Structure formats: C-alpha cells, structure tokens
Amino acid sequence: MKLNILCIGDIVGKPGRRIIAERLKTLIKEQEIDCVIANAENAAGGSGLTPQIYEKLINSGVNVITLGDHTYRKRDIIPVMEKSDNIVRPVNMSDKAAGKNFAIYKTSKGPTIGVTALIGRLFMKPADCPYAAAERIIPQLQQKADIIVVDFHAEATSEKIAMGYHLDGKASVCFGTHTHVVTADEKIFPNGLAYITDIGMTGPHDSVLGRSVENVLKSFKTQMPFPYEIASRDIRMNGIIVTVDSNTKKAEKINRVCVSAESDDTSIYDSDDGRPEYLNNYF
C-alpha cells in the first residue's frame with residue numbers, strides 16, 4: 001500500500017504556528033497525506049514547546065511531533081512528553097531524560113508509521129552516539145511499525161549525510177532538521193531510504209533563521225548580546241512529501257514542499273527536476 005508522509009521543518013514561533021493552523025489541513029487534503037510529522041522544538045517563542053502549543057499543533061493536523069536540542073526549554077512540556085504517545089525527544093540523549101524514544105502512528109489506511117529522533121554531535125551539545133542509538137532503536141521499531149521515519153536534528157551536513165548511508169535499508173525516511181535552511185539534495189538511496197539533509201523552516205523567512213535581522217546583525221558585528229526577536233514577514237512552511245510502499249518499506253518518491261502564507265501558493269519540487277543526469281544514475 002502506498003502512503004504519503006508529510007514531514008515539516010522546524011516550526012518557529014507564532015508565525016510558524018499560524019501557517020500550520022491556516023494551511024496544513026488544506027495541504028493534507030490536496031496532497032492526500034496519510035501522516036504528518038513536524039519538528040516543533042522552536043514553536044514557543046523560538047525556543048521550546050508548551051502544552052498549549054502542543055495541543056494547537058495536534059488540532060491543526062500534526063500527527064507526530066519531534067524535538068531536538070531545545071526539548072526542555074519549556075519545562076511544563078515534560079508531563080506531556082511523559083504521558084503522550086505522539087511526541088518524541090532524541091533517542092541519544094541520556095537514558096534518564098524525560099520523554100519517549102519513539103511514536104507509533106496508525107494511519108487511516110491501516111499501516112503503522114514509527115517515528116524516532118536523533119541528535120547530532122558535531123557543533124552541538126554533548127550527546128551519545130547517534131549511530132549506536134539508531135542501531136538500538138530501529139530493531140524495536142521494526143517489531144512495531146510498517147514504516148520507519150527518522151528526524152536527524154543536527155548541524156553538520158557531513159554528519160547528516162553519513163546518517164543517510166547508515167540508515168539506508170533500515171528505515172524508509174531520514175530527514176534533517178535544526179539548521180532552518182532547506183537543502184536541495186533530496187534523493188532515494190539504493191536500498192529505498194528517502195533522504196534530505198535539511199527540510200528547512202516553517203516560519204518567517206525574511207529573517208536570520210527566524211529571528212529579526214537587525215539585532216542579529218548587531219550581535220555579529222559588535223560581539224555583544226541583543227534580544228533575538230521573532231521576525232514576522234515572508235512566512236512559509238517548508239517540508240517534504242515522501243511516498244512509501246508499506247509492503248516493501250521502500251520510498252518511491254520524495255518531493256520538497258514550500259507553502260507561502262502571503263501568496264497562498266504551494267510549490268511542490270519534483271526530486272528529479274533540475275538534477276544532473278549523473279546523480280539520477282548514481283542514487
């Protein structure tokens with residue numbers, strides 16, 4: 001059975017939440033989406049997640065929420081993480097850290113989707129080995145889910161690409177988050193893994209990673225601290241849509257998606273458009 005999975009990049013602040021509330025359900029209907037996975041670690045004022053925002057995202061159509069290095073910025077989300085089955089923190093945090101290692105979502109068509117998250121170690125806070133963590137969690141998910149999706153929340157492109165090779169043949173989808181900048185390297189690996197280094201940001205794109213430009217520039221130029229306020233213009237939803245065969249567990253198609261709040265436009269980028277022929281032959 002073919003399933004369409006929508007993965008949404010880092011939701012930043014009120015602008016990111018707004019476009020999710022206004023446009024997500026329409027996108028789900030238009031693209032016949034079976035499961036929505038969203039990284040929401042920046043949804044509350046640009047850092048963290050609150051119970052109220054968690055509820056709003058779920059009510060807006062998100063099925064599973066993933067988190068990253070800002071998982072515990074809002075401590076009141078911890079009880080939600082402990083009791084809810086649709087929100088996950090990175091597996092390779094301390095085994096004593098609050099929250100679930102994976103979520104299982106049963107689609108309306110029947111097949112189940114297992115979602116887990118990993119966090120990188122290059123240019124990031126200390127964490128356990130993400131590759132070893134993947135080796136531990138994947139066998140558990142294979143016993144519970146028909147399709148496995150991994151959010152790799154990491155800074156370094158090299159670390160993310162290496163994870164793609166590590167997960168090929170073990171998972172169906174691996175998408176990168178954290179940098180807030182969408183990459184154009186979406187592809188399907190030889191053993192059926194749909195991969196992209198970063199799916200980008202859902203929030204204000206007339207900004208520096210979602211923050212107002214003026215104070216970020218001041219900080220860079222003076223090396224002094226300034227408040228990084230959330231920007232407000234050019235709001236877009238970035239993500240990918242992946243089609244996976246639940247019988248083979250292999251991805252068949254991956255397309256980048258960009259939804260604009262200002263123009264009401266939705267752009268679907270075919271993964272083969274504009275790609276050099278040698279890349280089509282290689283991957």
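The largest pocket here holds about 280 Å³ of space. Keep in mind that this is a predicted model. Below is a quick tour of the pockets, of helix α2 and of the nonpolar cores, where Leu57 turns up both as a buried residue of α2 and among the best-connected members of the largest core.

**Pockets**

- Sixteen is the number to remember for the largest pocket: 16 residues line it, and Asn42, His70, His178, His180 and Leu209 sit nearest its centre.
- Sorted by class, that lining comes out as seven polar, six charged and three nonpolar residues.
- Next in line, the second largest pocket offers about 180 Å³.
- Its lining is made up of 14 residues, with Gly169, Lys170, Ala171, Ser172 and Lys249 closest to the centre.
- For the second largest pocket, the class split is six polar, four nonpolar and four charged residues.

**Helix α2**

- This helix covers residues 51-59, and its buried residues are Pro51, Ile53, Tyr54 and Leu57.
- Look down the axis of α2 and those buried residues fall within an arc of 160°, so they line one face of the helix.
- Gln52, Lys56 and Asn59 are exposed, on the face of α2 turned away from the buried side.
- What does the buried side of α2 pack against? Its partners are two helices, α1 (13-31) and α3 (78-83), plus the strands β2 (10-11), β4 (64-66) and β5 (87-88).
- Just past the end of α2, Gly61 adopts a positive phi of about 120°.

**Nonpolar cores**

- As a rule, nonpolar side chains in soluble globular proteins tend to be buried together.
- The largest nonpolar core in this model has 31 residues, and the ones touching the most other members are Ile8, Leu24, Leu49, Leu57 and Ile65.
- At least two residues of this core come from each of β1 (2-8), α1, β3 (35-39), α2, α3, β13 (235-245) and β14 (250-260).
- Helix α1 makes the largest contribution to the core, with five residues.
- Which residues does Leu57 contact, leaving aside neighbours within four places in sequence? The list runs Ile11, Ile20, Ala40, Ala43, Leu49, Val62 and Ile65.
- Apart from the largest core lies another one, of 23 residues, including Cys35, Ile196, Ala251 and Ile254.

Technical notes: Residues are numbered from 1 along each chain as its sequence is written. This is a predicted model: local features need pLDDT of at least 70, side-chain atom pairs count only at pLDDT 80 or more; totals for chains, interfaces and linings use all residues. Side-chain values use heavy atoms; hydrogens and water are left out. On a 1 Å grid over the protein atoms alone, a cavity is a set of points where a 1.4 Å probe fits but cannot get out, and a pocket is an open set with protein on both sides within 12 Å along at least five of seven lines; lining residues have an atom within 4 Å of a point. Grid points are joined across faces, edges and corners, and a volume is the space filled by probe spheres set on the points. Ala, Val, Leu, Ile, Met, Phe, Trp, Tyr, Cys and Pro count as nonpolar, Asp, Glu, Lys and Arg as charged, and the others, Gly among them, as polar. Buried means under 20% relative accessible area, exposed over 50%, partly exposed in between (1.4 Å probe, protein chains only). Helices (H or I, at least four residues) and strands (E, at least two) are DSSP runs, numbered from the N terminus. The arc is that of the directions from the helix axis to the C-beta atoms. Contact means heavy atoms within 4.5 Å. A nonpolar core is a set of buried Ala, Val, Leu, Ile, Met, Phe, Trp, Tyr and Cys residues joined through side-chain atoms within 4.5 Å.
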